[in-house]
Structure formats: C-alpha cells, structure tokens
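Biologist: Could you take me through this structure step by step, so that I can follow the reasoning behind each answer?

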Amino acid sequence: MVKIIWMSDLHFVAEGAPLGHDPRARLEAAIAHINAHHGDADCCVISGDLVNHPSLENYVALRPLLDRLDMPWFPMMGNHDDRALLRQTLPVPDSCMEDFVQYAVPVSGALVLALDTHKPTSGAGEFCAARRLWLQEALQQAGDRAEGLPVILFLHHPPMELGLPMLDAIRMEEGNSFLELVNRHISGPCQLCIGHVHRSVSGVAAGLPFATQRSVLFQAPPPVPAWDWVSFAPTQEDPGLGIILIDGSRITIQNESFCAYEVGTQGR
C-alpha cells in the first residue's frame with residue numbers, strides 16, 4: 001500500500017499572521033499530527049501556495065519546519081509562489097523539469113505526478129505546451145510499463161468549475177483541454193488532487209474523479225451566502241490535510257483536522 005500525506009496552501013510567512021491566522025503555529029500543529037499518527041507514510045506532497053508572498057526570507061524560514069517531517073516531502077507551485085526562489089531554497093527531485101517545478105514523485109505502486117500550473121503575475125493558472133508534452137509523455141511511459149497503474153495527479157489550480165464563483169474565476173485557463181489530455185492517456189484508476197480553493201470539494205469532471213483540499217492556514221467561505229473579495233473573510237473552520245491510500249487499483253482519500261480552529265488564530 002502507498003500512503004501519501006497531502007497538505008495544501010500553507011501561506012507561510014516568517015513573521016506576521018495573514019488574515020489573523022498564524023501560519024507557523026498551524027504548520028507546526030500539522031507536522032506534529034502527521035509525525036504522531038502517520039509516520040509510516042511514504043511521502044508528503046504540498047500542493048502549492050507554500051508562502052503567502054514569495055520572498056527569500058519566507059522560503060528560508062519554511063524549510064526547517066518542513067524538514068521536521070518524518071517522511072520525504074515534495075513542494076509544488078501555487079499562484080503565491082516563485083519558481084526561482086522555490087528551487088533555490090527547497091528540494092525538488094532530479095527529474096524535475098528545467099523551466100517548471102513539475103516532476104514525478106518517487107513512489108512505487110502508483111504514478112504520482114506533481115504538476116506546475118503557475119501563471120506569473122496572475123491568480124489564475126495555466127498549463128502550457130511544454131508542460132502538456134511532459135505530462136503526455138509521463139502518462140504514455142507509465143502505460144507502457146504497466147497498464148492500469150493507478151495515477152495521482154497533484155495540481156494547484158482546478159481545471160474545472162467547482163461552483164465557487166470567486167474561485168472559479170481564477171481556475172486553470174483552458175482546463176477542458178487539460179482534462180481531455182488526461183483522459184486520452186489514462187487506462188486505469190486516476191485521481192486529481194487540487195489545491196487553491198481552501199475548501200474541500202469532490203466530484204467527477206470529464207469522467208475523472210477529483211478532490212480539493214482544505215488549507216493548512218485558513219478556509220474560504222462556501223458559495224452561499226454570496227461573497228466577493230471585498231467582503232472576504234476566512235471561515236471559523238478547522239484546518240485540514242489529506243491521507244491518500246493506494247492499494248492495488250483502489251484509491252481513497254481521508255480528510256483529517258489536525259488542530260482546532262482556535263490554534264494559531266489572532267489572540268491565541
């Protein structure tokens with residue numbers, strides 16, 4: 001069985017508390033929970049927005065906290081991240097693309113791909129021709145080695161609408177083309193694991209099952225009652241993470257709260 005810890009949207013800063021939430025306290029609580037209860041995991045994947053704003057100081061301060069994890073960890077790009085700073089300060093596999101933070105996560109029993117959907121100077125995402133070709137070749141090679149191998153695709157931006165109006169506006173551009181590409185080259189079980197939206201949403205798009213993950217730092221409101229970026233305020237919901245289990249052709253995702261909402265909120 002393959003066991004993967006899934007964290008997303010750390011929005012880490014070396015100092016301060018974005019929107020009244022302390023990312024250092026929240027991440028420390030997450031790591032303590034993971035090491036105490038899931039030390040047997042094969043790895044941890046962090047699906048983007050590692051920092052709240054991309055500075056050398058924030059990435060340098062983040063590294064020693066993540067190094068406390070009892071398993072290998074793999075960072076990904078989000079819209080708040082910077083490719084050059086990420087690669088300068090955090091570890092990525094040798095197989096990583098030269099121009100993008102996109103790579104295969106080294107685990108056995110599944111094909112696990114960490115995709116780079118970052119679009120510079122934009123909150124939305126993109127998946128250009130170079131990244132598409134890399135993904136196509138990775139899926140083709142996996143199919144040649146073992147037909148039906150479970151495939152887990154981690155990406156920050158959702159390629160589909162989720163019914164979250166403010167966040168749907170900054171999803172992956174041309175997401176339907178991405179879903180069509182994946183469908184053409186998948187012969188076995190597949191799961192899309194998505195960050196960005198700070199809420200837990202699951203469903204099926206173009207025949208592909210997907211799930212989004214809660215943020216380690218703060219959660220976005222549900223679509224009702226309606227809100228916009230002027231009225232936006234995080235909800236008073238516990239932060240969370242995911243436990244992905246791959247056993248043969250079966251893929252399950254268990255969502256866990258790792259601390260109470262009050263931990264790391266302003267004044268606590």
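Biologist: Which residues of S7 point one way from the strand, and which two point the other way?

Modeller: Please keep in mind that this is a predicted model. In S7 the side chains are divided between two directions, and all of these residues are buried. Cys190, Leu192 and Ile194 point one way, while the two that point the other way are Gln191 and Cys193.

Biologist: How many of the five residues of strand S7 are buried, and why is the strand largely enclosed?

Modeller: A residue counts as buried when its relative accessible area is under 20%. Strand S7 covers residues 190-194 and is largely enclosed by the rest of the structure, because the number of its residues that are buried is five of the five.

Biologist: Which residues stand opposite Ile194 in the strands that pair with S7?

Modeller: Strand S6, residues 151-155, runs parallel to S7 and is joined to it by five bridges, and there Leu155 stands opposite Ile194. Strand S9, residues 208-212, also pairs with S7 in the parallel sense, over three bridges. In S9 the bridge partner of Ile194 is Thr212, and the residues asked for are therefore, by strands S6 and S9 in the sheet, Leu155 and Thr212.Biologist: What is the order of the strands in the open sheet, and which strands stand at its edges?

Modeller: The sheet has six strands with mixed pairing, in the order S4-S5-S6-S7-S9-S8. Two of the strands have a single partner strand each, so one side of each is left without a neighbour in the sheet. Neighbouring strands are turned by 25° against each other on average, direction ignored. The strands at the edges are S4 (103-105) and S8 (202-205).

Biologist: In S9, which residue is the bridge partner of Ala205?

Modeller: S8 and S9 run antiparallel and are joined by four bridges. In S9, the residue that partners Ala205 is Leu208.

Biologist: How far away from Asp49 is the nearest side chain of opposite charge?

Modeller: Asp49 lies in the loop between strand S2 and helix H2, and a polar atom of its side chain is 3.1 Å from the backbone nitrogen of Asn79. Among the residues that Asp49 touches are Asp9, His11, Met77 and His156. Asp49 is buried yet has no salt bridge, and the nearest side chain of opposite charge, that of Arg83, is at a distance of 12 Å.

Biologist: Which residue meets Arg83 in a salt bridge, and how many residues apart in sequence are the parts that the pair ties together?

Modeller: The side chain of Arg83 meets that of Asp116 in a salt bridge, at 2.7 Å from N to O. Arg83 lies in helix H3 and Asp116 in the loop between strand S5 and helix H4, so the pair ties together parts of the chain that are distant by 33 residues. Asp116 counts as buried because its relative accessibility is 0%, and Arg83 also counts as buried because its value is 17%. The partner is Asp116, and the separation is 33 residues.

Biologist: Is Lys119, which meets Glu173 in a salt bridge, buried or partly exposed?

Modeller: The side chains of Lys119 and Glu173 meet at 2.7 Å, N to O, and the pair links distant parts of the chain, 54 residues apart. Glu173 has a relative accessible area of 35% and is partly exposed. Lys119 has a relative accessible area of 23%, so this residue is partly exposed.

Definitions and conventions
Residues are numbered from 1 along each chain as its sequence is written. This is a predicted model: local features need pLDDT of at least 70, side-chain atom pairs count only at pLDDT 80 or more; totals for chains, interfaces and linings use all residues. Side-chain values use heavy atoms; hydrogens and water are left out. Buried means under 20% relative accessible area, exposed over 50%, partly exposed in between (1.4 Å probe, protein chains only). Two strands pair if DSSP finds at least two bridges between them. Axes are lines fitted to C-alpha atoms, for helices over the stretch in contact, and angles run from 0 to 180 degrees between N-to-C directions. Lys and Arg count as positive and Asp and Glu as negative; His and the chain ends are not counted. A salt bridge is a side-chain nitrogen of Lys or Arg within 4 Å of a carboxyl oxygen of Asp or Glu. A polar contact is a pair of N or O atoms within 3.5 Å; within protein, one must be able to donate a hydrogen and the other to accept it, and residues adjacent in sequence count only if both atoms are side-chain atoms. Contact means heavy atoms within 4.5 Å. Lists of a residue's contacts leave out its neighbours within four places in sequence.
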